[in-house]
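I wanted to go through the empty spaces and the packed interior of this model, and these are my notes in the order I looked things up.

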Amino acid sequence: MSESITTFFDAWGMADDAPRAEAIAAAFSKNGTYADPRAPEPLQGPEAIAGYVNMFSAGAPGWTAKVTNLSSTGSSHRATVAFGGMGPDGKEMVQHGQYFADIEGDKITRMVGFVGTGVPE
């Protein structure tokens, strides 16, 4: 069931928009929603979600998103994701996020993301 989460975040590192859109369509249900911590409002449907991820990839070429930890309770899942790549200063950077997803069958129906991992500072 959580394979759709890994598929979705692997898509962030794909170089081409079309395969990225196909991967996102395979991960999300037709009416699935995604609330990204840096988006002004939740996105609905794989096409809108792919458009948002395409913008990320265009603005951060070569960056990847890898699931580093995944846990589940029933059909709800929590993923810690490491976004990484070359920063504007020419040094390797990593930023973490925490994502919560509801899955029905093998598709994400709802995902909500947060910057960081929730660890107290």
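**Largest pocket.** I sorted the lining of the largest pocket by class and found seven nonpolar, one polar and two charged residues. The model I am reading is a predicted one, and the values here are computed from it. The residues I listed along this pocket are Trp12, Asp36, Pro37, Arg38, Tyr52, Met55, Phe56, Phe83, Gln95 and Tyr99, and the elements that give two or more of them are H3 and S5. H3 gives the most to this lining, with three residues. For the space inside the largest pocket I noted about 150 Å³.

**Largest cavity.** How many cavities of 30 Å³ or more does a search of the whole structure find? I noted one, and the space in the largest cavity comes to about 40 Å³. Its lining is made of Arg38, Phe83, Gln95, His96, Gly97, Tyr99, Phe114, Val115 and Gly116, which I counted by class as four nonpolar, four polar and one charged. S5 and S6 each supply at least two of the lining residues, and the largest share, four residues, comes from S5. Comparing my two lists, I saw Arg38, Phe83, Gln95 and Tyr99 in the lining of the pocket and again in that of the cavity.

**Helix H3.** I turned next to H3, which has 14 residues and reaches 20 Å from its first C-alpha to its last, close to the 20 Å expected at 1.5 Å a residue. Which residues of H3 are buried? I wrote down Pro46, Ile49, Ala50, Tyr52, Val53, Asn54 and Ser57, and what covers these buried residues includes H1, H2, S1 and strand S2 (43-44). Tyr52, buried in H3, is also one of the residues that line the largest pocket.

**Nonpolar core.** The largest nonpolar core has 27 residues, and those I found touching the most other members are Phe8, Phe9, Trp12, Phe28, Tyr34, Ile108 and Met111. At least two core residues each are supplied by helix H1 (3-11), helix H2 (17-27), strand S1 (28-35), helix H3 (46-59), strand S4 (76-86), strand S5 (92-104) and strand S6 (107-115). I followed Phe8 further: leaving aside its neighbours within four places in sequence, Phe8 is in contact with Ile24, Ala27, Phe28, Tyr34, Ile49, Val53, Ile108 and Met111. Ile49 and Val53 on that list are buried residues of H3, while Trp12, which I had listed for the core, appears in the lining of the largest pocket as well.

Note on methods
Residues numbered from 1 in each chain as written. Predicted model: local features only at pLDDT ≥ 70, side-chain atom pairs only at ≥ 80, totals over all residues. Heavy atoms only, no water. Core = buried A, V, L, I, M, F, W, Y, C linked by side-chain atoms within 4.5 Å. Buried < 20%, exposed > 50% of the residue type's maximum accessible area, 1.4 Å probe, protein only. Contact = heavy atoms within 4.5 Å. 1 Å grid on protein atoms, 1.4 Å probe; cavity = no way out; pocket = protein on both sides within 12 Å on 5 of 7 lines; lining within 4 Å. Points joined across faces, edges and corners; volume = space filled by probe spheres on them. Nonpolar A, V, L, I, M, F, W, Y, C, P; charged D, E, K, R; others polar. Expected span 1.5 Å × (residues − 1).
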